[in-house]
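Hi everyone, thanks for coming. I'd like to walk you through a few spots in one structure, so have a look at it while I talk.

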Amino acid sequence: MTSRKRSLSATEGLASLSPRRRTVVKAAAATAVLAGPLAASLPARAADQAPAFLHGVASGDPLPDGVLLWTRVTPTPDATPGSGVGPDTEVSWVVARDKAFTGIVAKGSVTATAASDHTVKADVRGLEPATDYWFRFSAGGTDSPLARTRTAPAADANVPSLRFGVVTCANWEAGYFASYRHLAARGDLDAWLHLGDYIYEYKSGEYAARGTVVRPHAPANEIITLADYRIRHGKYKTDPDLQALHLKAPVIAIWDDHEFADNAWSGGAVNHTEGAEGTWTARKAAAKQAYFEWMPVRTAIEGTTYRRLRFGRLADLSLLDLRSFRSQQASAGSGSVDDPNRTITGRAQLDWLKAGLKASDTKWRLVGNSVMIAPFVIGSLTADLLKPLAKLLGLPQDGIGVNTDQWDGYTHDRRELLDHLRSNAIGNTVFLTGDIHMSWANDVPVDAGTYPLSPSAATEFVITSVTSDNLDDIVKVPEGVVSAVAAPLIEAANRHVHWVDTDRHGYGVLDITDDRAQMDYYVLSDRTDPSATSKWVRSYRTRSGTQKVERTYDPV
């Protein structure tokens, strides 16, 4: 879910729903990197000794024979994130089968430099599939916290089940990351999926909790430069709940817009003013560089986050990048959303996705998808009236979409993908989605205008935000008030939507077996409370072969 500020048209070089946005033009593109913002990216206990591992450790992108390890070392007190200073520092790593590190299976070292903001990665291979491992880093006699990770099953393994935590949209200033803490406490995750908006780019106070800053981020300005993005990533990595989850399981992450700027597209963003904030090409390159420095994510095709992971014969996971190649967002209600020349994926990525889905021999095909693919429309008419009228008036053929930042704004790509699933009899495709700050359980119909007579080509589980404002927050009413009114209207106008909760924050747990894929939805007691509790509220599943969602009344 995005907040709107101002429109932009900008040109990209070859280098790589909230209406409350400000409309003022920001004063300068260059951000002065000062001692205050730099220090603010460190914990209160910051470096009275060096080297130190102040930003935790993490792992990600598990393979059957390996996993990517990550940390950031602070070699000297002044070598804060984004500072560009600090000596080269040798960082060793070790992987073992046990917490006591008596069964060491791999070790090595890498040099942390200011050029990579003293972040390091080790892409460890030669491990056993479907196995828990423990790892840590060391530098100058200091050990990092020790962490658990887990490799993926062998490609041909018959896997009885998989379990993933699922999160999205974690705004530092809007609250605490209790969702991460509760997932870390489970101890039963094969991995966890972050579906985008791991960080937010806004200046302090611009996008908080119902307008109130719960805890200030750093730097205080909107992040634009490479130093800015590094400082912001560094601030997030000091969160104890985020650190705790990274210590417990590998993450599989994709980016959405706020890792760059609000409503980002290939040539700009709503939250970017060309010139006053430098060029979009430079800003995007800075954001990508900082992301790959600070995240345990392998740089994938064309330096983006689209890639594919496999978990035995049970599931594969296609991860999408829906920002780097997309056309600029269309205005709501515009017939241009049906323009075949407009794209959300880009041609190469869509072809890659289609080919991978067709070639897949796993039981389930999961798609990590940052924005909702199921239609969310208003003003629906019967298909025999709507389509001729839409063609005549230049309106979207599937109804008037509410949010054209999602697949509703790029219906040609969606229609091509869903037609591909149907024409090739590709079943058991499940989209896992973030962005919209609400929980949804959807069928994904081939033709929304005639659903349920139209077949469903896939299913979709959408996860609400960890902290970012949802509908009740935007209108500043008690939790549940908006959902009580809006949910029945949304479901009546969109018959493929089995459930929507517009008002609460939380996370999901996806459990997959041969027979079904089930999402359990959990909500937080209070995002502004660092000790917030969580509770299970709903579960939905899709049974193998059905391409439809149904409610189930117990969590896994």
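Before we start, one term: when I say that two residues meet or are in contact, I mean that they have heavy atoms within 4.5 Å of each other. And keep in mind that this is a predicted model.

Okay, helices. When two of them pack, people describe the pair by the angle between their axes and the distance between the axes. Let's try that on helix α2, residues 178-186, and helix α4, residues 240-248. Their axes come within 8 Å and cross at roughly 30°. Angles under 35 degrees count as roughly parallel, so α2 is roughly parallel to α4. The crossing of these two is left-handed.

Who is actually touching whom? On the α2 side we have Ala 178, Tyr 180, Arg 181, Leu 183 and Ala 184, and they meet Asp 241, Leu 242, Ala 244, Leu 245 and Lys 248 of α4. Sort the residues of that contact by character and you get seven nonpolar, three charged and no polar.

Let's stay with α2 for a moment. Its buried residues are Ala 178, Ser 179, Tyr 180, His 182, Leu 183 and Ala 184. The cover over them includes α4, but also the strands β9, β10, β21, β22 and β23. Right after α2 comes Gly 187, with a positive phi near 75°.

Now α4. Buried here are Asp 241, Leu 242, Gln 243, Leu 245 and His 246. Those residues pack against α2 and α3, and against the strands β1, β10 and β11. There's also a cap on the N-terminal end of α4: Asp 239 has a side-chain oxygen 3.0 Å from the backbone nitrogen of Asp 241.

Here's a second helix pair to put next to that one. The axes of α3 and helix α5, residues 280-294, come within 8 Å and cross at roughly 35°, and this crossing is right-handed. From α3, the contact uses Leu 226, Tyr 229, Arg 230, His 233 and Gly 234, while the α5 residues include Arg 283, Ala 286, Ala 290 and Trp 294. The tally for this contact is seven nonpolar, three polar and three charged.

Let's leave the helices and go to a loop. Arg 527 sits between β22 and β23. So, is Arg 527 buried or exposed? Buried means under 20% relative accessible area, and Arg 527 has 7%, so it counts as buried.

What does the side chain of Arg 527 reach? One partner is the backbone oxygen of Thr 467, at 2.5 Å. Another is the side chain of His 505, through a polar contact of 3.4 Å. Outside its sequence neighbours, Arg 527 also touches residues including Ala 174, Tyr 176, Arg 210 and Asp 473.

His 505 is in a loop too, between β20 and β21. With 6% relative accessibility, His 505 is buried as well. Its side chain has a polar contact of 3.0 Å with the side chain of Ser 465. Among the other residues in contact with His 505 are Val 466, Asn 470 and Tyr 522.

Last stop: Thr 74, in the loop between β2 and β3. Its relative accessible area is 0%, so Thr 74 is buried. How far apart are Thr 74 and Leu 54? They are 20 residues apart in sequence, and 7.0 Å apart in space, C-alpha to C-alpha.

That's my tour, thanks for listening!

Note on methods:
Residues numbered from 1 in each chain as written. Predicted model: local features only at pLDDT ≥ 70, side-chain atom pairs only at ≥ 80, totals over all residues. Heavy atoms only, no water. Axes fitted to C-alpha atoms, helices over the stretch in contact; angles between N-to-C directions. Helix = DSSP H or I, 4+ residues; strand = E, 2+ residues; numbered from the N terminus. Parallel < 35°, antiparallel > 145°, perpendicular 65-115°, else oblique. Left-handed = near helix turned anticlockwise from the far one by under 90°. Nonpolar A, V, L, I, M, F, W, Y, C, P; charged D, E, K, R; others polar. Buried < 20%, exposed > 50% of the residue type's maximum accessible area, 1.4 Å probe, protein only. Polar contact = N/O pair within 3.5 Å; in protein donor to acceptor, adjacent residues only side chain to side chain. Lists of a residue's contacts leave out its neighbours within four places in sequence.
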